[in-house]
Amino acid sequence: FGYFLGVFLAEGSYIWSDTKHHTPKALNIGLHEQEYDIAKRVGEYVRKAFNASYKIKKVKNKKAIIINIYGRVLSKLVLDLCGCYSVKKRLHNVIFNFPKNALLGIIHGYLDGDGWDEKKSMYVTTCSQQLCNQLWYILNSLDFVTTITSYQPKAKNHKRYWRLTLSYNRYNTYIKSHTSPDRQQFFRTIDVSHLSDYFWFC
């Protein structure tokens, strides 16, 4: 569940059922065409865990794919947990009570969706300061040494970005030591049904 949320936080948006953007009817995740395996894993996870249908399609004239995930209940749950719009995305406070593997899954999913490595470091950039601080908090709780920097692109009226930096070798070693082909900890189903009454009224 954490991995799915991480990928959505990095590259996801909503398909709305109303013009005022109050009620989502589906989720939309855009990825590079070479990231088909990520789209397939996410799609199969939500199909098995939430009985949600999905469709992966190629974007015409672009090196990109889109996975659409259908289901109003799941879409509402993700909206409550992650917020909406790139500058307002954040993690709901209840997520910090999730198991350690789920929190690590969020980091794994976010880095798979929007991270890159260079000169022995890994980087993540977001225009949501709150989300950046929350990801830093999770990484810190997992004993990663992580730094935050901020920059403003020179383009006129461009929004400010926040960047997280962590050790590439440390991250890969940690990931390999906390997952295995047999257990598939990042894609296991985490029961959130006991939280449903809370989400609908928050």
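Reader: Lysine 76 and aspartate 80 both lie in helix H3, so to speak on one element; how many residues apart are they?
Author: This is a predicted model, in which local features need pLDDT of at least 70 and side-chain atom pairs count only at pLDDT 80 or more, while totals for chains, interfaces and linings use all residues. Residues carry numbers from 1 along each chain as its sequence is written, and side-chain values use heavy atoms, with hydrogens and water left out. Helices here are DSSP runs of H or I with at least four residues, strands are runs of E with at least two, and both are numbered from the N terminus. Within H3, lysine 76 and aspartate 80 are separated by about one turn of the helix, that is, four residues.

Reader: How far apart are the closest N and O atoms of lysine 76 and aspartate 80?
Author: Side chains of opposite charge can pair when their charged atoms come close. A salt bridge is counted where a side-chain nitrogen of Lys or Arg lies within 4 Å of a carboxyl oxygen of Asp or Glu. Lysine 76 and aspartate 80 form such a bridge, and their closest N and O atoms are separated by 2.8 Å.

Reader: Is aspartate 80 buried or exposed?
Author: Buried means under 20% relative accessible area, exposed means over 50%, and partly exposed lies in between, with a 1.4 Å probe and protein chains only. Lysine 76, at a relative accessible area of 24%, is partly exposed. Aspartate 80 has a relative accessibility of 8%, and therefore counts as buried.

Reader: How many salt bridges does the count come to, and which residue pairs with lysine 58?
Author: By the rule given above, the count comes to three salt bridges. One of them has its closest N and O atoms 3.6 Å apart and joins lysine 58 to glutamate 33. This pair links distant parts of the chain, 25 residues apart, with lysine 58 in strand S3 (residues 53-58) and its partner in the loop between strand S2 (24-32) and helix H2 (36-50). To restate both results, the number of salt bridges is three, and the partner of lysine 58 is glutamate 33.

Reader: In which helix do glutamate 44 and arginine 47 both lie?
Author: The side chains of glutamate 44 and arginine 47 meet in a salt bridge of 2.7 Å, N to O. Glutamate 44 is partly exposed at 21% relative accessibility, and arginine 47 is partly exposed with a relative accessible area of 39%. The two residues are three apart, about one turn, and both lie in helix H2.

Reader: Why is strand S8 (residues 161-167) largely enclosed by the rest of the structure?
Author: Two strands pair if DSSP finds at least two bridges between them. S8 pairs in the antiparallel sense with strand S6 (residues 121-126) over six bridges, and in the antiparallel sense with strand S7 (residues 147-151) over five bridges. Serine 167, which is found in S8, counts as partly exposed at 30% relative accessibility. S8 is nevertheless largely enclosed, because the residues of this strand that are buried number five of the seven.

Reader: In S8, which residue is the bridge partner of methionine 122?
Author: On the other pairing, threonine 147 has threonine 165 of S8 as its bridge partner. For methionine 122, the bridge partner in S8 is leucine 166.

Reader: About how much space lies in the largest cavity?
Author: A cavity is a set of points on a 1 Å grid over the protein atoms alone where a 1.4 Å probe fits but cannot get out, and lining residues have an atom within 4 Å of a point. Grid points are joined across faces, edges and corners, and a volume is the space filled by probe spheres set on the points. The search of the whole structure finds three cavities of 30 Å³ or more. In the largest cavity, the space amounts to about 50 Å³.

Reader: Which helix gives the largest share of the lining of the largest cavity?
Author: The residues that line the largest cavity include Ile107, Val124, Leu135 and Leu166. By class the lining has eight nonpolar, no polar and no charged residues, where Ala, Val, Leu, Ile, Met, Phe, Trp, Tyr, Cys and Pro count as nonpolar, Asp, Glu, Lys and Arg as charged, and the others, Gly among them, as polar. H4, H5 and S8 each supply at least two residues. The largest share, three residues, comes from H4.

Reader: What is the phi of tyrosine 85?
Author: Tyrosine 85 lies in the loop between helix H3 (72-82) and helix H4 (100-114), and is partly exposed with a relative accessible area of 43%. Although tyrosine 85 is not a glycine, its phi is positive, at about 70°.

Technical notes:
On a 1 Å grid over the protein atoms alone, a cavity is a set of points where a 1.4 Å probe fits but cannot get out, and a pocket is an open set with protein on both sides within 12 Å along at least five of seven lines; lining residues have an atom within 4 Å of a point.
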